[in-house]
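Biologist: Please pick one helix from this model and walk me slowly through how it packs against its neighbours. I'd like the geometry and the residues that do the touching.

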Amino acid sequence: ERLRPVSVDAMQRFLAASETAEPRYAALFWTLGYAGLRPGEVLALEEADLDFDARKITVRRAFSIGRIESTKTGETRHVDMSRALERRLRSHLRTRR
């Protein structure tokens, strides 16, 4: 059976629930949902990979089998950051400090 993408409504409900059920992981879920990154890529992101002015995320590495390595393709890529994701990531970074 083919995999079907999650509907926008279902994703938004999941993200809203993550804010109360697991707030420390909410930014991770938002990045998975809104940027479409692989889980290992999200886990390997650093603050320097986030360009809020250009609203871009630079994906250059991934977490795999307990260590940080290059991405699955071995290439760096730039992914668009929606305004909603930008706000959520900025909020996450403020609360981490």
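Modeller: Handedness first: a crossing is left-handed if the near helix is turned anticlockwise from the far one by less than a right angle, and right-handed if clockwise. This is a predicted model, where local features need pLDDT of at least 70 and side-chain atom pairs 80 or more, while totals for chains, interfaces and linings use all residues. Numbering starts from 1 along each chain as its sequence is written, and side-chain values use heavy atoms, with hydrogens and water left out.

Let's take α2, residues 26-35 (helices are DSSP runs of H or I with at least four residues, numbered from the N terminus). One partner is α1, residues 8-21. The axes of α1 and α2 come within 9 Å and cross at roughly 165° (lines fitted to C-alpha atoms over the stretch in contact, with angles from 0 to 180 degrees between N-to-C directions). That makes the pair roughly antiparallel, the label for angles over 145 degrees. α1 goes past α2 in a left-handed crossing.

Who touches whom (heavy atoms within 4.5 Å)? On the α1 side you'll find Met-11, Gln-12, Phe-14, Leu-15, Ser-18 and Glu-19, and they meet Ala-26, Phe-29, Trp-30, Gly-33 and Tyr-34 of α2. By type, this contact has 7 nonpolar residues, 3 polar and 1 charged (Ala, Val, Leu, Ile, Met, Phe, Trp, Tyr, Cys and Pro are nonpolar; Asp, Glu, Lys and Arg charged; the others, Gly among them, polar).

Now swing over to α4, residues 83-96. Its axis and that of α2 come within 10 Å, crossing at roughly 160°, so α2 and α4 are roughly antiparallel to each other too. Their crossing is left-handed. Here α2 brings Ala-26, Ala-27, Trp-30, Thr-31, Tyr-34 and Ala-35, while α4 answers with Ala-84, Leu-85, Arg-88, Leu-89 and His-92. That contact splits into 8 nonpolar, 2 polar and 1 charged residue.

Put the two contacts side by side, and Ala-26, Trp-30 and Tyr-34 of α2 turn up in both. Phe-29 and Gly-33 are among the α2 residues listed against α1, and Ala-27, Thr-31 and Ala-35 are among those listed against α4.

How values were computed
Angles under 35 degrees count as roughly parallel, over 145 as roughly antiparallel, 65 to 115 as roughly perpendicular and the rest as oblique. Contact means heavy atoms within 4.5 Å.
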